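These are my notebook entries from a session with one model, kept in the order in which I looked things up. I begin with a single residue and widen the view from there.

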Amino acid sequence: MRFKLVFTFIVFCILSCQKQKESTTPLLDYLPKNASLIIKVNNLTNLKSEFKNNEFLKPLTSTKNYENILGRTKALQFVQSDTSGILAFTEIDSLNSEFIYVSDKPLSFINPDKDESPTIESVSFEGRSYKRYEIEQSTFFSIELDRQILLGSSLNLLDDIIDNINNTEIDPILNSLFETSNIDKSASVFLNLEQSNWMDEYVFKKDTTIRFSGFADWVTFDIEPSQDFLQLNGISIAKESTKNLLSLFKNTRPAVGNLSAKIPANTDAFISFSFDNYDDFAQNQKDYLEAPFKRDSVFNTVEEIGVLFIENKKAVILSTYGAENITQFLEDKSNNNAIYMGRETFELVSNKFLYEYFNPLLKEFKANYYTILENTFIFSEELDVLQGIIRDNSSGSTFDKSMLYETARKVLADESSIVFMANAKGMEDILKMHCTKELLNDFNKTEASNYIFAGQIVADANFYHTNLLIQKKYKEKERNTISALFRVELDSDLATNPQFVKNHRTNKKEIVVQDMDNNLYLISTKGKILWKKQLKGKIQGKVSQVDLYKNGRLQLAFTTGNEFLILDRNGKEVAPFNMNFPGGNLNELAVFDYEGKRNYRFVIAQGSKVYMYNSKGKIVRGFKYTDTGSPVLAAPKHIKSGNKDYLVFMLENGELKIMNRVGNTRVKVSEKIEFSSNNTYLYKNNFIVTDKKGTLYSIDTKGNVSKTKLNYSEDHGLDATSRTLVSNNENILSIKGKKVTLDLGVYTHPVIFYVHDKIYISVTDIQSQKVYLFDSNAVAIQNFPVFGYSMIDLDDIDNDRKIEFVCKDQENALVLYKIN
């Protein structure tokens with residue numbers, strides 16, 4: 001079987017330097033024999049979406065290795081499930097594999113390509129009835145048991161698993177790891193490295209000593225992919241009874257490395273080994289090598305060993321807390337010495353001693369030259385490498401100031417037993433040295449030059465914390481610019497404008513948006529899809545947030561064409577707010593909270609019918625205005641002025657109805673208005689609205705009407721607060737009477753936002769794809785290209801006094817921008 005590229009080359013980075021059956025999780029009973037790669041899937045739908053939107057992994061989908069690994073698992077593209085499941089692989093030979101996916105019920109099959117339907121037929125095999133699916137040249141089988149559904153690429157595999165379900169011996173380590181994996185992540189990966197010979201054959205050249213087998217017994221990772229990074233957090237297990245590389249760090253404590261301040265900033269790859277007690281390391285080394293003697297005390301002051309790669313050349317650096325013994329040892333092996341930039345360099349006549357003392361951590365390295373920087377010893381195979389290290393130390397151009405180091409250290413822990421960092425060049429050089437050409441070719445198809453690669457092992461009591469990362473490079477952002485925090489492609493094009501909502505647990509913002517297939521998404525501001533819910537229709541207008549139970553927990557309230565729904569934090573419907581309206585044609589939901597005490601009134605207009613519900617989902621019987629006599633054009637508005645409430649309805653027949661709480665007329669407007677697409681607002685204690693001819697109507701609380709001919713076109717825009725009036729007509733933007741001439745274009749309606757208690761006005765030119773941002777005094781704050789055409793939503797997503805906005809771009813993907 002071909003092992004998944006992303007796992008192989010990251011774990012390789014670490015390696016490159018070199019009972020009775022207990023109660024188990026029921027799904028583990030369905031594992032194939034000798035399964036070496038097991039993936040626990042907590043949410044299959046979310047996992048597929050996260051990997052689809054990871055920019056580093058996207059190019060791999062077109063490679064031969066991807067086809068070899070996941071070609072047969074294309075079946076999972078047609079599976080939708082929010083229940084837990086297991087994906088496991090078993091090897092036929094080094095080039096072929098079979099898979100099985102086991103899930104608790106329910107599990108459904110979908111076909112994303114609506115032009116091609118799957119071929120489904122019943123087949124019988126060894127006395128059992130299976131379903132056979134064939135779609136897009138992918139064939140797979142399924143069978144339903146009492147509580148589980150099994151999906152697999154082979155009838156033989158499925159049948160063998162069912163036959164042996166009561167005889168399955170589950171490794172107790174796997175069971176423990178499985179139970180402690182993070183259920184909040186979309187998936188967790190479990191690697192049985194004792195069964196990894198096939199991976200060694202695939203990944204590594206035949207003439208290299210690097211191998212997966214012998215690194216540890218088990219490795220497990222929780223997967224956390226986002227658009228710009230892929231992070232794998234987990235642990236590695238090295239049993240006492242087996243000889244593994246990680247056992248070299250048994251009974252040692254991780255340390256804070258300091259070699260990054262001694263090596264050059266242009267280092268392409270760097271790996272460091274550290275331990276708090278050399279004697280413990282030496283004893284572990286003796287056990288590992290099965291050596292008949294104990295090492296002497298020459299290097300017993302070493303705390304950290306580093307290997308660095310610079311332009312296809314290697315160097316080794318040792319950090320010590322005492323240099324006397326090592327200095328004397330090296331003088332006895334030295335021949336010539338020279339001075340370079342005030343530092344003495346030495347040539348060594350014996351060059352294999354580092355391997356002899358630090359095997360298996362250091363291999364295939366000839367210590368031909370060395371120098372001493374304080375208590376640090378630096379060795380190189382070529383003199384120019386040593387001179388370059390001296391030169392960069394003198395100028396202060398060291399690795400700890402590099403973008404690679406800064407980006408990696410934002411994620412890695414301070415203390416490590418093993419830490420690895422590399423840029424794309426460093427990864428390529430290491431792969432060339434030890435890996436197959438096929439694997440190297442796949443790596444070169446990624447956009448690796450934009451990423452850093454890092455890994456970390458931290459020794460603990462009986463296991464090793466393991467942290468692996470592929471991260472887009474960190475860059476210092478320029479001021480007065482914008483930067484995209486993430487871009488997410490959903491299953492289909494966006495149907496609604498994205499909108500910020502509040503996460504009541506963190507007090508930060510998240511994003512809701514709906515696609516053309518009527519899927520509603522809640523997305524974190526890290527670009528992670530938190531959940532997806534299939535709706536029966538498109539959401540009308542905006543989503544409102546309410547606190548039905550007055551406990552600080554917020555719900556999402558909205559209407560579609562024929563439904564009124566309220567969803568909880570997890571996307572589940574809140575009864576009884578899952579109401580259907582025969583005939584559809586619902587307007588946007590209006591939510592009124594008269595006194596600000598969360599005694600909500602939910603108002604829904606369907607044609608000329610008006611329904612008002614309370615917080616328990618009951619019709620408010622005291623509200624009389626249930627039939628307007630003419631279709632309602634927009635969501636009714638609740639406007640408070642002084643101590644009075646006004647409910648405003650714009651009707652298709654031109655009537656502007658201004659009612660009180662019970663639905664009686666509070667302000668009588670005698671004049672009929674041919675309403676524009678703008679709503680009604682309260683501005684300076686008057687109700688204002690415009691008509692299609694660009695006339696502004698102002699109505700006082702006694703019903704007196706005054707008109708101002710603005711000579712606006714029909715598609716002009718309007719927004720207002722009690723003290724700020726904003727309008728735009730063609731390329732003229734007016735803010736509180738101050739006119740701003742914009743570039744010629746086609747503009748969205750202006751929108752007023754409150755951020756940090758300040759007013760901002762935005763308008764977007766959908767031709768030039770540029771957003772203009774102003775303050776309430778018509779002073780330009782920013783204008784910038786966003787490659788988008790929707791109205792934006794503007795806010796401070798993390799409560800850190802910064803401004804972000806979300807929109808959809810010209811390819812109908814969701815983009816979150818940050819204003820720097």
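In which strand is Lys738 found? I located Lys738 in strand β48, which covers residues 738-741. I was working from a predicted model throughout, and I read each entry below with that in mind.

Entry on the positive patch. I looked up the surroundings of Lys738 and found that Lys684, Arg723, Lys736 and Lys738 gather on the surface as a patch of positive charge. Since partly exposed covers the range between 20% and 50% relative accessible area, I noted Lys738, at 44% relative accessibility, as partly exposed.

Entry on the negative patch. I then looked for acidic residues gathered in a comparable way, and wrote down a negative surface patch formed by Glu674, Glu714, Asp715 and Glu730. Of these I followed up Glu674, whose place is in the loop between β40 and β41, the latter being residues 681-683. Glu674 has a relative accessible area of 48%, and I therefore recorded this residue as partly exposed.

Entry on the chain as a whole. I counted 13 helices and 55 strands in the protein chain. Buried residues account for 56% of its 820 residues, while the accessible surface comes to about 35,800 Å², with 44% of that area belonging to carbon and sulfur atoms.

Entry on salt bridges. Side chains of opposite charge can pair when their charged atoms come close. I found 23 salt bridges in the structure, and I took three of the pairs for a closer reading.

I started with Arg132 and Glu134, whose side chains meet in a salt bridge at 3.1 Å from N to O. Glu134 has a relative accessible area of 34%, and I noted this residue as partly exposed.

I went on to Asp491 and Lys532, where the N to O distance of the salt bridge is 2.6 Å. Asp491 lies in the loop between β25 (482-488) and β26 (499-503), whereas Lys532 belongs to strand β29 (residues 529-534), so this pair ties together parts that are 41 residues apart in sequence. With a relative accessible area of 41%, Asp491 is partly exposed.

The salt bridge between the side chains of Asp645 and Arg661 spans 2.8 Å from N to O. This pair links distant parts of the chain, 16 residues apart: Asp645 sits in strand β38 (residues 644-650), and Arg661 in the loop between β39 (656-659) and β40 (665-667).

Is Asp645 buried or exposed? I recorded Asp645 as buried, because its relative accessible area is 4%, which falls under the 20% cut-off for that class. Its partner Arg661, at 31% relative accessibility, counts as partly exposed. I also noted that Asp645 and Arg661 are linked with Glu595 and Lys640 in a network of salt bridges.

Entry on aromatic rings. The structure holds 28 aromatic pairs. One of them is formed by Phe592 and Tyr594, with 6.3 Å from centre to centre and 45° between the planes, and I entered this pair as tilted. Both Phe592 and Tyr594 are buried.

Which residues do ring pairs link into a cluster? I listed Phe299, Phe329, Phe346, Phe353, Tyr357, Phe358, Tyr370 and Phe379 as its members.

Definitions and conventions
Residues are numbered from 1 along each chain as its sequence is written. This is a predicted model: local features need pLDDT of at least 70, side-chain atom pairs count only at pLDDT 80 or more; totals for chains, interfaces and linings use all residues. Side-chain values use heavy atoms; hydrogens and water are left out. Patches are made of residues with over 30% relative accessible area and no salt bridge: like charges are joined within 9 Å, nonpolar side chains (Val, Leu, Ile, Met, Phe, Trp, Tyr) within 5 Å. Accessible areas come from the Shrake-Rupley method with a 1.4 Å probe; for residues, only the protein chains shown count as cover. A salt bridge is a side-chain nitrogen of Lys or Arg within 4 Å of a carboxyl oxygen of Asp or Glu. Lys and Arg count as positive and Asp and Glu as negative; His and the chain ends are not counted. The place of a charge is taken as NZ of Lys, CZ of Arg, CG of Asp or CD of Glu. Helices (H or I, at least four residues) and strands (E, at least two) are DSSP runs, numbered from the N terminus. Buried means under 20% relative accessible area, exposed over 50%, partly exposed in between (1.4 Å probe, protein chains only). Rings of Phe, Tyr and Trp (its six-membered ring) pair if their centres lie within 6.5 Å; planes under 30 degrees apart count as stacked, over 60 as edge-to-face and the rest as tilted.
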